[in-house]
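The following exercises are to be worked with the sequence and coordinates at hand. Each task is followed by a stepwise solution.

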Amino acid sequence: MARRPARADPGGAERRSGVLKIGAALAVVLVAQALLALCLVSAQQLLVPRNMPFGVTGPPSPVVAAVASRGGLDLTSYPDESAVMDAAGRGELYGAYLGQKSSDTLVVVPAKSFFAQTELEPAFLAAAHKLDRPVTVRKVAPLASGDPVGAVTSLLLLPLLIGGYLAAVLVFKAAHGVAAAPWRAAILIGYALVGALLTDLIAGPGIGAYSSSHFWPLLPCFWLITSAVALAAAAVQALAGKLGTLLVAVLFIVVGGPPAGGLGTYLLPVYWRNIGVLLPPQNAVTLVNHVLYFDGNDITTPLIVLFLYAAAATAVIAWFGRVRPARAATGTGAPQLPSPSPGRTAGAPGRRRAVIGMLAALAVCTVMQSLFATTYMSAGHAPKASDLPFGAVGSSPVLAAAEKNISLKVTEYPDEAAARTAMNEARIFGALVPSGGSDTLIVVPSMSDLAPLDLAVRFEEAARATGHRLQVRQYAPLPLVAKDPFGLVQALMLVPLLIGGYMSSTLLMAATGRAAGRWRAAQLAGFAVVSGLVVDLIVCYWLQGFPSSRFWITWPICSLIVAVVAFVAAILQKLLGPIGTLVTVVLMILLGNPSSGGASGVPYLPAFWRDLGPYLPPRNGYILLHHTIYFDGHGTSQALINLLIYLGVAAAVLIVLDLSRTEAEVPTDATEAAAVSVPIGAVP
């Protein structure tokens, strides 16, 4: 009996091709998310002095020897006090110790690094006290009132870095992928000036993060930083095409952002500091910091690096935009460039459309850069406690005196055990326990990176003013792990979870050509499960960022955060098309992440951000993540309910939309979508 020939199955081949595209898209997201989590957390989880420049003068001091024996300081001897003070004033040192006959002087440089000051000052004072050596503290380059914790420099980097990168990417898209057009460099340099001016106006006169006297000195710095990033991105696009945009995102944002050193470059792991020296972000931070606080001293190296990036990139753009086409036209050089794609129209109408497209792209970029400058700066440049939950056991004049300088929401407890129970349940940030003529201040380091120091400073001032003795003690239900001494990890790991959520939806839209599909909700849910596991494995076991006993309970929380963001992004993309991605970024990154409270805590947010946070997933995700790890899930009910409501409603809406067939195709390139999605929100 003759065998029938096998029938062709074009539908099956198409389905297999679609499955491969979906798998490849989600794999790209997973790799980007894992790399971002690895870079962010490993660079910033353990901020301690490492080869930190520190000056000494006078006879050898046992105090310096005691502190230096623990490592972390790179000691440099100076001939006299004047020389060491000049070096500190130029921003060359993080601190200094002046040995004298009867007493010593510790010099701290808060503007160089607030975190370094909080490490150095207690260490030297404790060593001096142990050795019965009188010591006084002198500040050089104190921080401004609008920048009390030295956050402004790193917050300024965010809009400058992302603004320059997005300008290159969006202009590249508007010009239909022609990265080497002869006018590209001029357009990007022009945009960089506009973006720099807006950032300067918003952060300085608008928000008051620095004084108006710094407006003009900072403007050319901002212009140079944005130009260097934008031109470098355009140059790599010219060399590598669409893949170049993703490459620049990885180099400048994912890898270059974490070691920027906004909190102090010599607090970073040595390998990260060495990587950062080669890339624009760290040089940008040094440039801005030294112009803000050190009269522009010691900025030669960052200027040279940034100018080299800008000059080399301009040369590459000029080669591909003018020299190479001219040589090809005369037959004396490189081969003829490829002809325009069929969809590209030549002549005046095509040029007009290209100009309109680029103007629209730059308008979008201007809005995004302005929003990044506004939201993160207004939320985080000057953290100040407001109604900080605090416990008191009995009455003390120290508490009344402290409340004059810090806003507390005081709850009375019958005894210390009751106050500790409140700490165990994450209801208070600390407590005052009077005992005879001495008071004990208990602080909870796992609740906030800033509150323990803030409370200690304010209550010590109050104790001196009232003539009382004060002892400061730390207490945590579950102590912070050795590799996260400031409790920063949960805030850091939240960023890749948010970005992974909307990236997964964006790349699925790009891979399939549609914002929704019959199995879109299931695909996103499956990705959320896997990506939550990957981030959990990296942060918990690889980087040891939180106790391993919390690994299994952290996995579903990470997956829940990713799924909520992915579902919301998918709905917005279905309703609005590709613009839905930008709306998701605004909701989750530009509004949600600044209002999360982060490592400092919700009481340190301004009123607007404090009131907004409960309605958006990022704060609920952070509280659920942080309180589950360190407080056995206490205080997470509202956060969990809110996230589950988001998940349930979004899943139901998405399933209904997925079943709808009335949708036009979305012409988005997957590489381009990944390149735009990766950096947004990767806070340096």
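**Exercise 1: Surroundings of Thr375**

Thr375 touches Leu590, Pro594 and Trp609, residues up to four places away in sequence being left out; contact means heavy atoms within 4.5 Å. The model is predicted, with local features requiring pLDDT of at least 70 and side-chain atom pairs pLDDT 80 or more, while totals for chains, interfaces and linings use all residues. Residues are numbered from 1 along each chain as its sequence is written, and side-chain values use heavy atoms, without hydrogens and water.

Task: Is Thr375 buried or exposed?

Solution. Step 1: locate Thr375, which belongs to helix α12 (residues 347–380); helices (H or I, at least four residues) and strands (E, at least two) are DSSP runs numbered from the N terminus. Step 2: apply the classes, namely buried under 20% relative accessible area, exposed over 50% and partly exposed in between, with a 1.4 Å probe and protein chains only. Step 3: Thr375 counts as buried because its relative accessibility is 6%. Step 4: add that its side chain reaches the backbone oxygen of Leu590 at 3.4 Å.

**Exercise 2: The sheet**

Task: In what order do the 5 strands of the open sheet lie?

Solution. Step 1: two strands pair if DSSP finds at least two bridges between them. Step 2: the order is β2-β1-β3-β4-β5, with mixed pairing. Step 3: β2 (73–77) and β5 (135–139) are the edge strands; each has a single partner strand, so one side of each lacks a neighbour in the sheet. Step 4: from one strand to the next the twist averages 25°. Step 5: β4 (residues 104–108) pairs with β5 in the parallel sense over 5 bridges, and Val108 has Lys139 of β5 as its bridge partner.

**Exercise 3: Helix α4**

Task: Describe the span and placement of α4.

Solution. Step 1: α4 has 17 residues and reaches 25 Å from first to last C-alpha, close to the expected 24 Å, where the expected span is 1.5 Å times one less than the number of residues. Step 2: α4 (residues 114–130) lies across β1 (52–57), β2, β3 (95–98), β4 and β5, at about 165° to β5; axes are lines fitted to C-alpha atoms, for helices over the stretch in contact, and angles run from 0 to 180 degrees between N-to-C directions. Step 3: its buried residues include Phe114, Leu120 and Phe124. Step 4: at the start of α4, a side-chain oxygen of Ser113 comes within 3.5 Å of the backbone nitrogen of Phe115.

Technical notes. Polar contact = N/O pair within 3.5 Å; in protein donor to acceptor, adjacent residues only side chain to side chain.
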